[in-house]
Amino acid sequence: MESVYSLEPVPEGAGPTSLDVLSFLDELVNSTEEQCFSARSRSTVLEGLPFGGVPTVLAINFILWLLLLLVFSCLRKAAWDYGRLALLMDNDSLTSLFYGEQSEKEKSPSESSPLDVDNKDVGFCSWLISIYQMKDEEIQSKCGIDATTYLSFQRHLLVLLMLVCVLSVAVILPVNFSGDLLGHNPTHFGRTTIANIPTQDRLLWLHSIFALIYFMVTVLCMAHHSVHLEYRENEKVARTLMVTHIPKEITDPSLIIKHFHEAYPSCTVTNVQFCFDVRRLMKLDVERRKAMKGRLYFTTKAQKEGKIMIKTHPCARIFCCRFCGFEQVDAEQYYGELEEKLTDEFNAERNRITLKRLDMAFVTFQDERMTAVILKDYSHIRCHKHPQQSSVTTVVKSHHWGVRYAPAPSDIIWENLSVRGTSWWVRFILLNICLFILLFFLTTPAIIVNTMDMFNVTQPVESLKNPIITQFFPTLLLWAFSVFLPFLVYYSAFFESHWTRSSENQLTMHKCFFFLVFMVIILPSLGLSSLDLFFRWLFDTHFLDEANIKFQCVFLPDNGAFFVNYVVTSSLIGTAMELLRIPGLLVYTARLCFAKSEPERLHVKRSQAYQFQFGLEYAWTSCIFSVVMTYSITCPIIVPFGLLYMLLKHMVDRYNIYYVYIPTKLNQRLHVAAISQVVVAPILCMFWLLFFSVLRLGRGR
């Protein structure tokens, strides 16, 4: 195999710098590309490729993207309205039984959405037009302010990437082309990278200046977004406090009211609501409502068509032949008896609910200024100062209370309130230890490829020697695992049983972003395959010599092409797969197949829509943006594809938020934390230039 570098003879009279650079590059070429990409002797899949394969990968991705869009257009209505689940959702809620009826302002946004939503969704490809025609006011009315804040965040990244694209393509790319270290072949991908510029070229300073400019522009853009965050807390939430560590034997709200009245005479309590363990009650309520709707459905239908018989076995719809032996029963009678049984269980559980009181309560005051005074007083506990006391302080043990602003009712995960104290921390620590161990050894697709090679699974790919396969497969593999493995992080946060959706989303966002940056950017760039190798490389002084892993892999031209191909795959196949949501479609299909009757299938349709996972999507968007910004100067050709990704991602999220996911009410802290994560991207870009300076410029002196 010919070398991808074309080194010219050293010009006569050249200084020692030129000799050192040429010898350094010659040493870099002689190191095998397998070592750079997988830190092992043989790789049949993840390996450096001449010319990067960008045109081939782009063509394949575009064809598959069109095919996936066509499939989605067929399935979104044909597959039981799978692409419009948010329009069919059910808004029944149990929380009003114990925590009061919702006011008009507190109702979920979708409950007040226009009745003619479905009129916009007619025709085979009408959904494409509706994406562009939607206004932010319309999205906010149906989906809430968190949706428009997230979409505004994406638009700011779009504007930022447009500016970076113009500067990188118009200035940095011609500068990289002006070098001659990698020959004069205009089709050579390496000529577009910083590796093509000689170390003595003064134009290298331009890259450092532009990296600083990108950092400043990113900070200014995110500052503009944060200033325009329109987040108004509900008035009732602002004057409600969440009080924890109240003794469980306290069942009289008047004791809580008396304490606040005596300790804070200027504060007036209007309501005290104790919390209960409602996990079983909420489950029974869902089943009871489902049975009630089934009874009403078949009662109405029986009046028109007479007695209706159904098979109640879960597999009756799959094995529908007469010889399967599934018993048929009267549908109206079956659901009537089931409703009566579940109603009795529900009422019995509701009567026992007072015995399942938790050590927390929501205390509402007359004015939000009163809550600020109390919150300030309890913040001094950290400084070992006792809060104001009353005559019942020893009874209610107010000096042990934890006081904070109450989350919005829709933000609270009510069934998780009972998981607290030692049990919560044990669950949290064990889940994160398991997650760390898993990610420690299974961080990048290179680990999977190692295992595949051990069993010669990838031998057919190697024997084909088809550039279409060998150029497209690596980036598709990286994309697939960078989508799958973050879901492990998401489910770890889900099983931690957080009290609010905001804290669950924020923790998911931080963990996923950290994990994705390591898996997608840092480890593949350094030629490492897992965090295990990363820590060995970081702390073991002899590991570099033993494993032959070189820092120079960061600036190998084909390494930049690998990330370009990855962004292309994420832009086209990635966004199309977000529309299809194949795992969700499989679950949806299975639930419909096991539904016993038409009312249960309607219930599945109305309950299949989930809340939009802002934490996961923030992390994923920030990761791709970080990839683009990190290589925007060392490999500027990546920026136009990053702009394409952000545009398609914005359009897909607009559709999914409006048509697929149900509204979510979150805390503003999540959006502020996402802004701070974005600033990591230009910092990584400057670090990459620092590595280049140390490795290339330093060796040349």
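Select Phe-210 to begin: in this predicted model, its relative accessible area is 9%, so Phe-210 is buried. Add Tyr-214, which is buried as well, at 1% relative accessibility. Both residues belong to helix H8, which spans residues 204-227. Phe-210 and Tyr-214 are 4 residues apart in that helix, so about one helical turn separates them.

Next, show the two side chains. The structure holds 27 aromatic pairs, and Phe-210 with Tyr-214 is one of them: the ring centres are 6.2 Å apart and the planes meet at 85 degrees, so the pair is edge-to-face. Planes over 60 degrees apart count as edge-to-face.

Now move to Tyr-658 and Tyr-659. These two also form an edge-to-face aromatic pair, with 5.1 Å from centre to centre and 70 degrees between the planes. Are the two tyrosines buried or exposed? Tyr-658 is buried, with a relative accessible area of 1%, and Tyr-659 is buried with a value of 0%.

Keep Tyr-658 on screen and add Lys-142. Lys-142 lies over the face of the Tyr-658 ring, 5.2 Å from the ring centre. Tyr-658 therefore has Tyr-659 as its edge-to-face partner and Lys-142 over its face, and is itself buried at 1% relative accessible area.

For a second charge over a ring, select Arg-288 and Phe-346. The charged end of Arg-288 sits 4.5 Å from the centre of the Phe-346 ring, over that ring.

Last, select Tyr-150, Phe-153, Phe-612, Phe-614, Tyr-618 and Tyr-661 together. These residues form one aromatic cluster.

Key
Residues are numbered from 1 along each chain as its sequence is written. This is a predicted model: local features need pLDDT of at least 70, side-chain atom pairs count only at pLDDT 80 or more; totals for chains, interfaces and linings use all residues. Side-chain values use heavy atoms; hydrogens and water are left out. Rings of Phe, Tyr and Trp (its six-membered ring) pair if their centres lie within 6.5 Å; planes under 30 degrees apart count as stacked, over 60 as edge-to-face and the rest as tilted. Helices (H or I, at least four residues) and strands (E, at least two) are DSSP runs, numbered from the N terminus. Buried means under 20% relative accessible area, exposed over 50%, partly exposed in between (1.4 Å probe, protein chains only). A charge sits over a ring if NZ of Lys or CZ of Arg is within 6 Å of the ring centre and within 35 degrees of the ring normal.
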